[in-house]
Amino acid sequence: MKKVISENLKTLAYALVIAVFIRSIFIQPFYIPSSSMEPNLLVGDRLFVTKYSYGYSKHSFPFSPPIFKDRILSKRPEIGDVVVFKTPADNRTDYIKRLVGMPGDTIQFINGLLYINDLEIFKDIKSDKDIIFCGDKTINVNTFEEKLSDKTFKTVYGKYYTFQNSQKFVVPAKHYFFLGDNRDCSKDSRFLSSVGYVDRLNLVGKAQFIFFSNDTVKSKFIKFWNWNHSLRIKRFF
């Protein structure tokens, strides 16, 4: 009996080590808990993030053990990437936002319009009648197709551009600047006291694809009898 228990414990230990290794080195699932990246990522989306995309730091591993002082096998992220990072406020909480500013870049909002390095970012309006979530409320928005570098994606701005004007943000060396695609409903690098500029060491990985999505407003996942109403099958993979 003792031998059976011992073998089972060994199997569990091996499985745990393998799971931690895969999660730390290759790929990790993440859950979208907020509406800050609508309309591209919805509350209830579950996606895979590749840990190797930008190399590794202590934040690549569970509980951020101080095993590295810098990044190893470091790779530079690209403008427009959707990135998971540890928020600088506590170096513990995972945020997911879009990278819009590289080291040395300047970012500013003027009359609700986004400028990077003093150039207005082009966006093509697609709809002025959309309604999306902002927390547990809904807001009327203008939906645009926006382009950063070679990446094109949708962004939404509140009907009256509630985030009108900002200071000119200058991204420090070895740091990055992130925005949510739901521009008027996102706590991101514009808020220096809570997020601000993100150190390169805080990058966790690159968002790759959604593997599962459940509308948690309509039904919690555990209520399987409501899945026919809440599962977003078209968003799978």
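Ile125 sits across from Phe144, a residue of β9. That pairing belongs to a predicted model, in a protein chain with two helices and 14 strands. Here's a quick tour of the sheet around β9, then a look at Arg183 and the chain overall.

**The sheet**
- β8, β9 and β10 line up in that order as an open, three-stranded sheet with antiparallel pairing.
- On the edges are β8 (123-134) and β10 (151-158), each of which pairs on one side only.
- Going from one strand to the next, the twist averages 30 degrees.
- β8 and β9 (residues 137-148) run antiparallel and are joined by nine bridges.
- As a general point, strands of a sheet pair through backbone hydrogen bonds, parallel or antiparallel.

**Arg183**
- You'll find Arg183 in the loop that lies between β12 (175-179) and β13 (198-199).
- Arg183 counts as buried because its relative accessibility is 1%, and the cut-off for buried is under 20%.
- The Arg183 side chain makes a polar contact of 3.0 Å with the side chain of Glu146.
- Leaving aside residues up to four places away in sequence, Arg183 also touches Phe109, Leu114, Phe153, Thr155, Val156, Tyr157 and Arg190, with Glu146 on that list too.

**The chain overall**
- The protein chain has 237 residues, and 46% of them count as buried.
- Among contacts with a separation of 6 or more, 57% come from residues 24 or more positions apart.
- About 13,300 Å² of the protein chain is exposed, with carbon and sulfur atoms supplying 61% of that area.

How values were computed:
Residues are numbered from 1 along each chain as its sequence is written. This is a predicted model: local features need pLDDT of at least 70, side-chain atom pairs count only at pLDDT 80 or more; totals for chains, interfaces and linings use all residues. Side-chain values use heavy atoms; hydrogens and water are left out. Two strands pair if DSSP finds at least two bridges between them. Helices (H or I, at least four residues) and strands (E, at least two) are DSSP runs, numbered from the N terminus. Axes are lines fitted to C-alpha atoms, for helices over the stretch in contact, and angles run from 0 to 180 degrees between N-to-C directions. Buried means under 20% relative accessible area, exposed over 50%, partly exposed in between (1.4 Å probe, protein chains only). A polar contact is a pair of N or O atoms within 3.5 Å; within protein, one must be able to donate a hydrogen and the other to accept it, and residues adjacent in sequence count only if both atoms are side-chain atoms. Contact means heavy atoms within 4.5 Å. Accessible areas come from the Shrake-Rupley method with a 1.4 Å probe; for residues, only the protein chains shown count as cover.
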